[in-house]
Amino acid sequence: MTHSPFPLFEQPIDRTDSNSIKWNKYKGRDILPMWVADSDFRVPEAITAALHQHVEHGIFGYGLAPARLTELLVERMKQRYDWDIQPEWIVYLPGLVCGLNLAVRSLTEHNQGVISPKPIYPPFMSSVRLAKRPLSVAPVTLQNNRWLMDLTQAEVTPDSKLMLFCNPLNPGGTVYRRDELLALADFAKQHDLYVCSDEIHCDLILDDTARHIPFASLNEDAAQRSVTLIAPSKTFNIAGLGASMAIIPNPDLRRRFIRTKAGIVPDVNVLAYTAAQAAYESCQPWLDQQLDFLRHQRTKVEQAINAMPYLKLHPIEATYLAWIDASALPVTSPFKFFESAGIGLSPGADFGNSRFVRLNFACRSDTLDEGLRRMRTAIDELDQAK
């Protein structure tokens, strides 16, 4: 392998026998797993060292959120996102998906509707279906070459009570600008909606012209109708440990959320707290390097995909996920077509559009190069067979 300016992210790590959902899916088959939002990068040394120290202690009983972790989270929101939060607003969770489900169940009654973007990360819509709430859609459409929720087409009924929101957007990679967030805040106020904002990818901004703005930081009205979900999991590749946070400024909403959680959703485990604290305390230099590498990978993906017949990829402003428009590809299922060519992507049908696929480029550059080569070869062979 040639010398790379990104040695931390080019390490050859065999994940095939590491109990990885991502890699187990195609175990024993010549299919590159480039689907679920799980990076192939070894976590920062500070996280590993903190976990080793805790493991060496040898006891793994019940624990509470460390005061230092809460302090770091408050500092981080202020320094990185200019958002003043209070420690008591934070509710720790063993994952972000349960936060979506808790928001739906705690902020709506059985007859009250939930509005979800579409296409969107699958647990958005499943959280509504599982809670047996009426589901309506705010379509995500292409606006000036960016994927945005079209509020003019949002299905609002008199019973609508909650809007689910995702910023940065998964899939699509859009970073919402202030004026776009203010329009959402006005929409929520006009229709008296709560807003549950999934901001798990907020640390993974790739576009130098964009910055993450928490929805709840816009103004007091937005804050009081909001639940914000964040986590260090995607940022530092510690999703399997399960440490997430709901930030809920409104005390009534927070009480309802905690009451719904009680006895059903377990507390965060002590190792997850340890990893999260180390991540926020010591790992910003690692994150800065990861962002540089992801920008490099992003550029490669955008150029390669847009050079392929039938495919289109619009600019990725954030995340390490490419939402690829394969609607012009003359096959029944783009997902199955590429899978049969040795590339395991996320099927667009899971997100709400079967003519798309999602590619995870948080991997070594040679893995990405091979995946893109297989995609191009499959398309060339399709053309030759015509």
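The following exercises, each with a worked solution, concern a predicted model.

**Exercise 1. Strand S11 and its sheet**

Determine how many residues of strand S11 (residues 321-325) are buried, and which strands pair with S11.

*Solution.*

Step 1. Five of the five residues of S11 are buried, so the strand is largely enclosed by the rest of the structure.

Step 2. The two faces of the strand are then taken in turn. Leu 321, Trp 323 and Asp 325 lie on one side, Ala 322 and Ile 324 lie on the other, and both faces are covered.

Step 3. Strand S10 (residues 312-313) pairs with S11 in the antiparallel sense, over two bridges. In these, Lys 312 has Asp 325 as its bridge partner, and Leu 313 has Ile 324.

Step 4. Strand S14 (residues 356-360) also runs antiparallel to S11, and five bridges join them. One of the bridge partners is Asn 360 in S14, which belongs to Leu 321.

Step 5. The order of the open sheet of four strands is S10-S11-S14-S13, with antiparallel pairing. S10 and strand S13 (346-347) each have a single partner strand and stand at the edges, so one side of each is left without a neighbour in the sheet.

**Exercise 2. Strand S8 and its neighbours**

State whether the residues of strand S8 (residues 226-230) are buried or exposed, and give the sense in which S8 pairs with S7 and with S9.

*Solution.*

Step 1. S8 is mostly covered, with five of its five residues buried.

Step 2. Ser 226, Thr 228 and Ile 230 are buried on one side of S8, and Val 227 and Leu 229 are buried on the other.

Step 3. The pairing of S7 with S8 is parallel and comprises four bridges. Thr 228 in S8 is the bridge partner of Ser 197.

Step 4. The pairing of S8 with strand S9 (residues 244-247) is antiparallel and comprises three bridges. Here Thr 228 stands opposite Ile 247. Thr 228 is thus placed between a partner in S7 and a partner in S9.

**Exercise 3. The packing of helix H5**

Identify the buried residues of helix H5 (residues 123-130) and the elements against which they pack.

*Solution.*

Step 1. The buried residues of H5 are Pro 123, Phe 124, Met 125, Ser 127 and Val 128.

Step 2. An α-helix has 3.6 residues a turn, so residues three or four places apart point the same way.

Step 3. The buried residues pack against one helix, H4 (96-107), and against the strands S3 (113-118), S4 (135-143), S6 (160-166) and S7 (194-198).

Step 4. Beyond the helix comes Lys 132, which has a positive phi, near 60°.

**Exercise 4. Cysteines 166 and 196**

Establish how many disulfides the structure holds, and where Cys 166 and Cys 196 stand in this respect.

*Solution.*

Step 1. The number of disulfides is zero. For Cys 166, the nearest cysteine sulfur is that of Cys 196, 9.9 Å away. For Cys 196, the nearest is that of Cys 166, 9.9 Å away.

Step 2. A disulfide requires the two sulfur atoms to be within 2.5 Å. Neither Cys 166 nor Cys 196 is in a disulfide.

Step 3. Cys 166 is buried, its relative accessible area being 2%. Cys 196 is also buried, with a value of 0%.

**Exercise 5. Pockets and a cavity**

Describe the volume and the lining of the largest pocket, the second largest pocket and the largest cavity.

*Solution.*

Step 1. The largest pocket holds about 1,200 Å³ of space. It is lined by 47 residues, and those closest to its centre are Ala 37, Asp 38, Asn 237, Ala 239 and Gly 240. The lining comprises 23 nonpolar, 14 polar and ten charged residues. Helices H1 (21-24), H2 (45-57), H4 and H8 (233-236) and strand S13 each supply at least two residues of this lining.

Step 2. The second largest pocket holds about 190 Å³. H10 (270-282) gives the most to its lining, with seven residues. Six nonpolar, five polar and one charged residues make up the lining, among them His 54, Tyr 273 and Glu 281.

Step 3. The count of cavities of 30 Å³ or more is one, and the largest cavity has a volume of about 30 Å³. Its lining has four nonpolar, one polar and four charged residues, including Phe 9, Asp 40 and Arg 364.

Terms used: Residues are numbered from 1 along each chain as its sequence is written. This is a predicted model: local features need pLDDT of at least 70, side-chain atom pairs count only at pLDDT 80 or more; totals for chains, interfaces and linings use all residues. Side-chain values use heavy atoms; hydrogens and water are left out. Buried means under 20% relative accessible area, exposed over 50%, partly exposed in between (1.4 Å probe, protein chains only). Contact means heavy atoms within 4.5 Å. Two strands pair if DSSP finds at least two bridges between them. On a 1 Å grid over the protein atoms alone, a cavity is a set of points where a 1.4 Å probe fits but cannot get out, and a pocket is an open set with protein on both sides within 12 Å along at least five of seven lines; lining residues have an atom within 4 Å of a point. Grid points are joined across faces, edges and corners, and a volume is the space filled by probe spheres set on the points. Ala, Val, Leu, Ile, Met, Phe, Trp, Tyr, Cys and Pro count as nonpolar, Asp, Glu, Lys and Arg as charged, and the others, Gly among them, as polar.
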